[in-house]
Amino acid sequence: MSDENVQPAGETGLFIYGIVPSDVEPTPDAQGVGDPPGDVDAIRHGDLAALASEVRLEEPMGRPADLTAYERLLDGTAAVAPVLPVRFGTVVTGPDAVRDLLEAHHDTFAAALDEFEDRVQYTVHGRFDEPEVLSQVLAADRRAADLAGQVRGRPEAETREQRIRLGEMLSQAVELRREAANRELIEALTPYAVLTAPRAPSHELDAVNVAFLVEVEDEEDFIRELEDFAEQRRDLIRMRLLGPLAPYDFVSAHQLVE
């Protein structure tokens with residue numbers, strides 16, 4: 001979102017979570033960010049609405065509890081209606097600023113909501129089992145295995161150069177295996193997904209990290225195929241599935257206002 005109407009002076013503002021169709025109603029127990037959590041309302045303009053809650057401007061945003069509240073609201077909404085997540089931390093002056101936003105970007109928001117109807121995001125994250133992947137690397141690369149033998153049991157100070165070279169070789173080998181694992185995952189799950197969005201690794205031992213946009217009617221097939229994929233690699237990769245989620249990784253692809 002542009003800076004216009006954002007971060008106003010004064011005591012309170014409206015924290016915007018996401019854009020939804022105008023007939024979406026927050027549940028009575030929906031809670032937003034802040035301490036204490038704010039009540040979530042739908043501010044409507046035509047056939048669109050924004051989910052928002054009042055926040056004190058002097059209160060810092062970004063605590064783990066705030067991010068959890070933001071995601072819980074959006075993911076819960078995505079389970080029953082299309083929703084376009086708005087960048088975390090977006091605060092505007094009040095209801096009029098929200099309606100101005102909805103009016104200014106109506107066509108973009110409406111088209112994206114239509115595309116996300118009956119679709120949810122699933123994120124697949126997996127991490128290599130360190131002993132297993134290193135064992136495979138050393139078994140496949142004689143040079144790395146020789147270096148590992150040279151440093152084993154010897155002081156670090158005496159083997160610094162070999163350890164640096166070994167670390168570089170292991171890192172490159174893990175990167176190649178990560179690229180292969182992501183390709184295999186995408187190839188296996190693409191028949192059950194509308195869109196895919198590879199994500200950057202969050203750890204040096206990450207094996208896969210990919211977001212998938214899935215039709216609600218294909219969820220069972222998608223999960224079944226993922227379970228088969230994970231079972232075939234269970235000794236090498238520890239996988240977890242996050243979802244159903246709001247389409248965080250796919251809204252940005254539409255270049256919605258941030």
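Let's start at Phe88, which is partly exposed, with a relative accessible area of 26%. (Buried means under 20% relative accessible area, exposed over 50% and partly exposed in between, with a 1.4 Å probe and protein chains only.) Keep in mind that this is a predicted model, where local features need pLDDT of at least 70, side-chain atom pairs count only at pLDDT 80 or more, and totals for chains, interfaces and linings use all residues. Residues are numbered from 1 along each chain as its sequence is written, and side-chain values use heavy atoms, with hydrogens and water left out.

Now for the aromatic rings. Rings of Phe, Tyr and Trp (its six-membered ring) pair if their centres lie within 6.5 Å; planes under 30 degrees apart count as stacked, over 60 as edge-to-face and the rest as tilted. The count by this rule is 7 aromatic pairs. In one of them, Tyr70 and Phe88 meet edge-to-face, at 5.1 Å centre to centre and 80° between the planes. This pair links distant parts of the chain: Tyr70 belongs to helix H1 (residues 64–78), while Phe88 is 18 residues away in the loop between strand E4 (84–85) and strand E5 (91–92). Helices (H or I, at least four residues) and strands (E, at least two) are DSSP runs, numbered from the N terminus. Unlike its partner, Tyr70 is buried, at 7% relative accessible area. Phe15 and Tyr17 join Tyr70 and Phe88 in one aromatic cluster.

Next, take a look at strand E3, where you'll find Ala49. Ala49 is buried, with a relative accessible area of 0%. Leaving aside neighbours within four places in sequence, Ala49 is in contact (heavy atoms within 4.5 Å) with residues including Gly18, Val20, Ile43 and Leu102. Pro60, in the loop between strand E3 (48–56) and H1, is exposed, with a relative accessible area of 56%.

Finally, on to a pair of helices. Helix H4 (residues 130–140) packs against helix H6 (residues 160–189) at an angle of about 105°, with the axes 10 Å apart. Axes are lines fitted to C-alpha atoms, for helices over the stretch in contact, and angles run from 0 to 180 degrees between N-to-C directions. H4 is therefore roughly perpendicular to H6, a label for angles of 65 to 115 degrees. H4 brings Val133, Leu134, Gln136, Val137, Leu138 and Ala140 to the contact, and H6 brings Leu170, Ala173, Val174 and Arg177.

How values were computed. Parallel < 35°, antiparallel > 145°, perpendicular 65-115°, else oblique.
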